[in-house]
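Student: I would like to learn how to read a protein structure. Could you walk me through one, feature by feature?

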Amino acid sequence: MPERNMTPQSKTVTRHLVSINDLTNNEIECVFEVAQSFLNELGDRRLKYRIGRGKRVAPDSILATLFFEPSTRTRLSFESAMLRLGGSIITSADPATSSAAKGESLADSVRVVGNYADLLVIRHPRDGAARLAAEYAKVPVINGGDGSHEHPTQTLCDLFTLRQKHKSIRNLKVAISGDLKGSRTIHSFVYALARFGATIEPLPAPGMELPPHVDRRLREEFRSKIVTRAAEEGEAPIDALYVTADEPHQQSLFSGPEIDYERVMIEKKIDAVYVTRFQKERWSEKEVPYPKIDAAFLRDAKYSEASVMHPLPRVGELDAAIDSDNRALYFQQAAYGVPVRMALISLLLGLQPGKSLRSYETGFHKDRLPLYNQPKSSGIRCGNPNCIVHEPSESQYVRNRFHLVRVAGQCLLRCAYCEADRDKFVTANRRHMWYSFDTTLWSTDDEHAQKELLAFATEDDARKAGFHLRKNAPHGAAARKAHAAS
Ligand code: NCD
């Protein structure tokens, strides 16, 4: 494995954008300031959201787009952005015509292409692929969408669109509709919304709710406000369950006479409805019952001022009849891809006087979490079957690595690539050869004690590896019961 080259402490850092949480809120605002200055200076006079001219900001730089999945907006707006900056582009848009078709690993491809270009934009069907690329590339890697994990630059475009319309991206109320489980655009977007204090109302297609690990992060890490509809229509005059920022673990149902209806109605006014298509390439079902956003849906008073957004492409879930409605912002949202990506590229290359994303500020606390490096020979693996760690061509290049996350009195293992959590596992001690169900063993601040620990998916795996159940373990019986119940 190469040395990780993006720790906050290291002197020579290569800055990557894999997750929206790699940027601080200040850095996001900085990208927007630069994007706005490009729009002011280079905007098309007739269409104020369109960049119409260029400026020689990056004449000696090359951007490479390495796309292993279809794309129109992301790849072309990145390429347009680089060309508007006076730079050049090289592209590999079809995996069938690249060395991937011969079985080359992503880890090798990015090391090769990193010597041809100053910046890489990568799109890949596997969750966590962009993180793997960032571990190997010696130039900045930008995630252009990795499986159903994240799509951070789409989020920058989405937030920039909201900022143009609502003047601020703080404390918005946003409804998100469609395939919340498989849409990487949604995952990056809800993290960012939560960090800027938004209230989020999920409107998932049946069975397409936010993945449990995303939902948990929103509530527990980002202390987000999430509104969920009451299970039964007509069970109460109010259709909301609120999770408040102050008490993220407590849900309070507004059903009694003490409800402040006026407040609830005010709170129900929505600033934006964000729609996504069914991500059929990620699921075995090719069709499911799916919400359709049309004029009738938007007639509800709570949407009277709501911006209608979509990362596009749309395939029927957003009625074309509302294109002429002035709440429809999706084509502007796509157009903002150019100034936003111009800003990002120029900041990552250190070409903006007085501003830069080159030095690693703090990101959003991911790199402060301790890392557990799973030995190759045995132990737990990421539970997400679409994670890059399960890709046969990458098997020599990935390690099962997990961030140790302490939440609500337990410890979770969060895959360092796809960020899916494992909350049920067995902890073994290599020195004493016992195993236990107590995940809090990982919470120790003693590095040596932590290095003695191994994680297994099941008790059976721990036994097969020669470990025996720890005797007289504190919380042992309760922890075992909870583990068995899961
Ligand atoms: C999205 C993507 O690829 O995740 N498209 C985009 O980049 N604007 C949305 C989608 O494909 O549904």
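Tutor: Let's begin with the vocabulary: helices (H or I, at least four residues) and strands (E, at least two) are DSSP runs, numbered from the N terminus. This is a predicted model, in which local features need pLDDT of at least 70 and side-chain atom pairs count only at pLDDT 80 or more, while totals for chains, interfaces and linings use all residues. Residues are numbered from 1 along each chain as its sequence is written, and side-chain values use heavy atoms, with hydrogens and water left out.

Student: Thanks! Where is the place of His149?

Tutor: His149 sits in the loop between strand 4 (141-146) and helix 5 (152-166).

Student: Is His149 buried or exposed?

Tutor: Here the idea is relative accessible area: buried means under 20%, exposed over 50%, and partly exposed in between (1.4 Å probe, protein chains only). His149 has a relative accessible area of 7%, so it is buried.

Student: With which side chain does the side chain of His149 make a polar contact?

Tutor: A polar contact is a pair of N or O atoms within 3.5 Å; within protein, one must be able to donate a hydrogen and the other to accept it, and residues adjacent in sequence count only if both atoms are side-chain atoms. The partner of His149 is the side chain of Glu419, at 2.7 Å.

Student: Now the ligand. Which residues surround the ligand?

Tutor: A residue is near a molecule or strand if one of its heavy atoms lies within 4 Å of it. Around the ligand you will find Arg73, Thr74, Arg123, His151, Gln154, Arg184, Thr185, Arg277, Gln279, Pro311, Leu312 and Pro313. Helix 2 (73-84) and helix 6 (184-195) each supply at least two residues of this shell.

Student: Which ligand atoms pair with N or O atoms of side chains, such as those of His151, Gln154 and Arg277?

Tutor: An oxygen atom of the ligand is 2.8 Å from an N or O atom in the His151 side chain. For Gln154, a nitrogen atom of the ligand is 3.1 Å from a side-chain N or O atom. With Arg277, an oxygen atom of the ligand lies 2.7 Å from a side-chain N or O atom.

Student: Where does the ligand lie relative to domain 1 and domain 2?

Tutor: Domain bounds come from an automatic or database domain assignment. The ligand lies between domain 1 (20-147 + 335-348) and domain 2 (153-334), because both give residues to its shell.

Student: What is special about the peptide bond from Leu312 to Pro313?

Tutor: That bond is cis, with omega near 5°. Pro313 is in the loop between strand 11 (307-309) and helix 10 (330-335).

Student: How do I check the span of helix 11?

Tutor: The expected span of a helix is 1.5 Å times one less than its number of residues. Helix 11 (residues 337-348) has 12 residues and should therefore span 16 Å, and its end C-alpha atoms are 16 Å apart, which agrees. Since 12 of its 12 residues are buried, helix 11 is largely enclosed by the rest of the structure. Gly350, which follows helix 11, has a positive phi near 70°.

Student: Which value does phi of Arg223 take?

Tutor: Phi of Arg223 is near 45°, a positive value in a residue other than glycine. Arg223 lies in the loop between helix 7 and strand 7 (225-228), and at 41% relative accessibility Arg223 counts as partly exposed. Met433 also has a positive phi, of about 60°, although it is not a glycine. Its loop runs between strand 16 (426-429) and strand 17 (434-436).
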